[in-house]
Amino acid sequence: MKRTLVILTLNEIDGVTSIIPHLSRSIADEILAVDGGSLDGTVEFLLDHGIRVFQQDKPGRGEAFRVGMQNSEGNDIVFFSPDGNEDVNDIPKLFSLLESGADVAIASRFLPGARNEEDGELFPFRKWANQVFTWLANLLWNKSNTRVSDTINGFRGFRRQSFLSLKPTSLGFTIEYETTIKAMRARMKITEIPTVENHRIGGTTKGRSWPTGISFMRYLFHEIMLDIRSTLRKVRNAPKS
């Protein structure tokens, strides 16, 4: 089996009722959903439309990624959130990047031709924060000749073996940042397409700005400290002249 689409849900009844009926089953060889404990009819709606649903034992987006990977069979896996932000038409494009040799395929909100949900706002704070985190990741860990423009967006795909080799541990929203940074460290091939981020269809965002931002700062500090410790070990173990 080649392509797997993993749909990530948590109380997204407005999104799934608007998107799933129009989602072509030919878009992937396998379509499944990972749910974080919806109570609004999301799970029942998905099951009624023939989509297998796997429930998370632990909360968090990172855990959803791992559950999706563990229960899928495809070699190329794309993760999609049916909340209206992500464009269904980009799913085949992400699969194509993976089939062309990318280890990680990202739908970028910051490439030429792309659109971020906050574009047009006077103070797009979330956009600015995303770009700062992306700039730091490229500065500290990207050794390739190609800059990654959106290290954080969750609309992305992975080669199965690439994801497994990264061994991500994040439970929450830092899963995307973690996998990007680890892929940079491993010199994996990261490829992007421009995407148009639309407005949420219904419900409320699960990633509140301040708590999410703090979790990203903690993760960034953790990765920097890992590098410092690694450098110190190399210095201590260097042969004495």
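L8 is buried in this predicted model, with a relative accessible area of 7%. Buried here means under 20% relative accessible area, exposed means over 50%, and partly exposed lies in between (1.4 Å probe, protein chains only). The residue belongs to strand 1 (residues 3-9). Helices (H or I, at least four residues) and strands (E, at least two) are DSSP runs, numbered from the N terminus. Contact is defined as heavy atoms within 4.5 Å. With neighbours within four places in sequence left aside, L8 contacts V34, R61, A64, F65, F79, F80, S81 and P82. The C-alpha atoms of L8 and V53 are 9.6 Å apart, with these positions 45 residues apart along the chain.

The model is predicted: local features need pLDDT of at least 70, side-chain atom pairs count only at pLDDT 80 or more, and totals for chains, interfaces and linings use all residues. Residues are numbered from 1 along each chain as its sequence is written, and side-chain values use heavy atoms, with hydrogens and water left out.

R61, A64 and F65 are among the contacts of L8 and are also among the buried residues of helix 3. Helix 3 (residues 61-70) has nine of its 10 residues buried, so it is largely enclosed by the rest of the structure. The other buried positions of this helix include G62, E63, R66, V67, G68 and M69.

Aromatic rings were examined next. Rings of Phe, Tyr and Trp (its six-membered ring) pair if their centres lie within 6.5 Å; planes under 30 degrees apart count as stacked, over 60 as edge-to-face and the rest as tilted. The count comes to 11 aromatic pairs. One of them joins F79 and F158, edge-to-face, at 6.1 Å centre to centre and 75° between the planes. F79 lies in strand 4 (residues 76-80) and F158 in strand 6 (residues 156-159), so the pair ties together parts that are 79 residues apart in sequence. Both F79 and F158 are buried. A second edge-to-face pair is formed by F125 and W128, because their ring centres are 5.6 Å apart and their planes stand at 90°. F125 and W128 are three residues apart in helix 5 (residues 125-141), about one turn of the helix. An α-helix has 3.6 residues a turn, so residues three or four places apart point the same way. F125 is exposed, at 56% relative accessible area. W128 is partly exposed, at 42%. One aromatic cluster is formed by F65, F79, F158 and F163. F65 and F79 from this cluster are also contacts of L8.

Helix 5 also holds T134. This threonine is buried, at 0% relative accessibility. Beyond its neighbours within four places in sequence, T134 touches R147, V148, S149, D150 and T151.

Helix 7 (residues 175-185) is mostly covered, with nine of its 11 residues buried. These are I175, E176, Y177, E178, T179, T180, I181, A183 and M184. Loops on either side of helix 7 hold residues with positive phi. K167 lies in the loop between helix 6 (160-166) and helix 7. Its phi is about 50°, although K167 is not a glycine. K167 is exposed, with a relative accessible area of 62%. R187 lies in the loop between helix 7 and strand 7 (190-194). R187 has a positive phi of about 55° and is not a glycine either. R187 is exposed, with a relative accessible area of 62%.

For the chain as a whole, the secondary structure comes to eight helices and seven strands. The radius of gyration is taken over C-alpha atoms, and the globule rule is 2.2 Å times the number of residues to the power 0.38. For 241 residues, a compact globule would have a radius of gyration near 18 Å; the chain has 18 Å, which agrees. The C-alpha trace spans about 70 × 45 × 35 Å along its principal axes. Buried residues make up 49% of the 241 residues. Among contacts between residues at least 6 apart in sequence, 74% join residues at least 24 apart.
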